[in-house]
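Hi there,

Here is the structure I promised to pass on. Have a look through it first, and then read my notes below.

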Amino acid sequence: MTFTSPSLSRPLTGLLILLGLVLALMGLGLAIGGGMLTARGGSWYYLAMGLALIASGAEIARGSRQGAVIYTLAFVATLAWAWWEAGPDFWAL
């Protein structure tokens with residue numbers, strides 16, 4: 001679904017596009033670094049979250065609500081991964 005509703009102003013639509021582009025660019029950097037780390041036998045997490053941010057940013061820039069869903073799932077996965085890595089150690093989290 002796209003934001004073609006008359007209730008969204010032109011500036012708000014522009015901000016959503018900007019937010020989507022920023023998220024996608026951050027995801028691109030994370031995915032590139034994550035790919036390099038994965039190739040060296042490191043954690044796959046950074047590559048997966050980079051791809052999730054790219055997808056989320058693209059959907060938000062398109063005006064789709066699925067971008068928020070993708071971002072929320074990535075955030076929940078990040079919480080689970082952090083807990084798995086650090087356990088209940090507050091400072092490590």
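Of the elements in the protein, H2 has the highest mean pLDDT, at 96, and H3 the lowest, at 94. Please keep in mind that this is a predicted model. Across the protein the average pLDDT is 91, and 94% of the residues score at least 70.

Now to the inside. The largest nonpolar core has 5 residues: Tyr-45, Met-49, Ala-52, Ala-74 and Trp-81. Two elements give two or more residues to this core, namely helix H2 (45-62) and helix H3 (66-86). H2 supplies the largest share, with 3 residues. If you want a place to start looking, try Ala-52: once neighbours within four places in sequence are set aside, Ala-52 is in contact with Ile-70 and Ala-74. As background, nonpolar side chains tend to be buried together in soluble globular proteins.

Next, a residue in H2 that I enjoyed looking at. Glu-59 belongs to helix H2, and with a relative accessibility of 18% it falls below the 20% cut-off, so Glu-59 counts as buried. Not counting residues up to four places away in sequence, Glu-59 touches Ser-64, Gln-66, Gly-67 and Ile-70.

Which residue forms a salt bridge with Glu-59? The partner is Arg-62, and the closest N and O atoms are 3.0 Å apart. The count for the model comes to 1 salt bridge. Arg-62 and Glu-59 are separated by about one helical turn, because they are 3 residues apart in helix H2. The two ends of the pair have opposite settings: Arg-62 has 53% relative accessibility, over the 50% limit, and therefore counts as exposed, whereas Glu-59, at 18%, counts as buried. In general, side chains of opposite charge can pair when their charged atoms come close.

On the outside, Leu-12, Leu-15, Leu-18, Val-22 and Met-26 make a nonpolar surface patch of about 450 Å². One of these residues, Leu-18, is found in helix H1 (residues 10-39). Leu-18 has a relative accessibility of 49%, so it counts as partly exposed.

Last, the loop between H1 and H2, where you will find Gly-42. Gly-42 also counts as partly exposed, because its relative accessibility is 32%. Gly-42 and Gly-57 are 15 residues apart along the chain, and their C-alpha atoms are separated by 25 Å.

I hope you enjoy exploring it, and do write back with your thoughts.

Best wishes

Technical notes
Residues numbered from 1 in each chain as written. Predicted model: local features only at pLDDT ≥ 70, side-chain atom pairs only at ≥ 80, totals over all residues. Heavy atoms only, no water. Patch = residues over 30% accessible without salt bridge, like charges linked within 9 Å, V, L, I, M, F, W, Y side chains within 5 Å. Areas by Shrake-Rupley, 256 points an atom, 1.4 Å probe, with all protein chains shown as cover. Salt bridge = Lys/Arg side-chain N within 4 Å of Asp/Glu carboxyl O. Helix = DSSP H or I, 4+ residues; strand = E, 2+ residues; numbered from the N terminus. Buried < 20%, exposed > 50% of the residue type's maximum accessible area, 1.4 Å probe, protein only. Core = buried A, V, L, I, M, F, W, Y, C linked by side-chain atoms within 4.5 Å. Contact = heavy atoms within 4.5 Å. pLDDT = per-residue confidence, 0-100.
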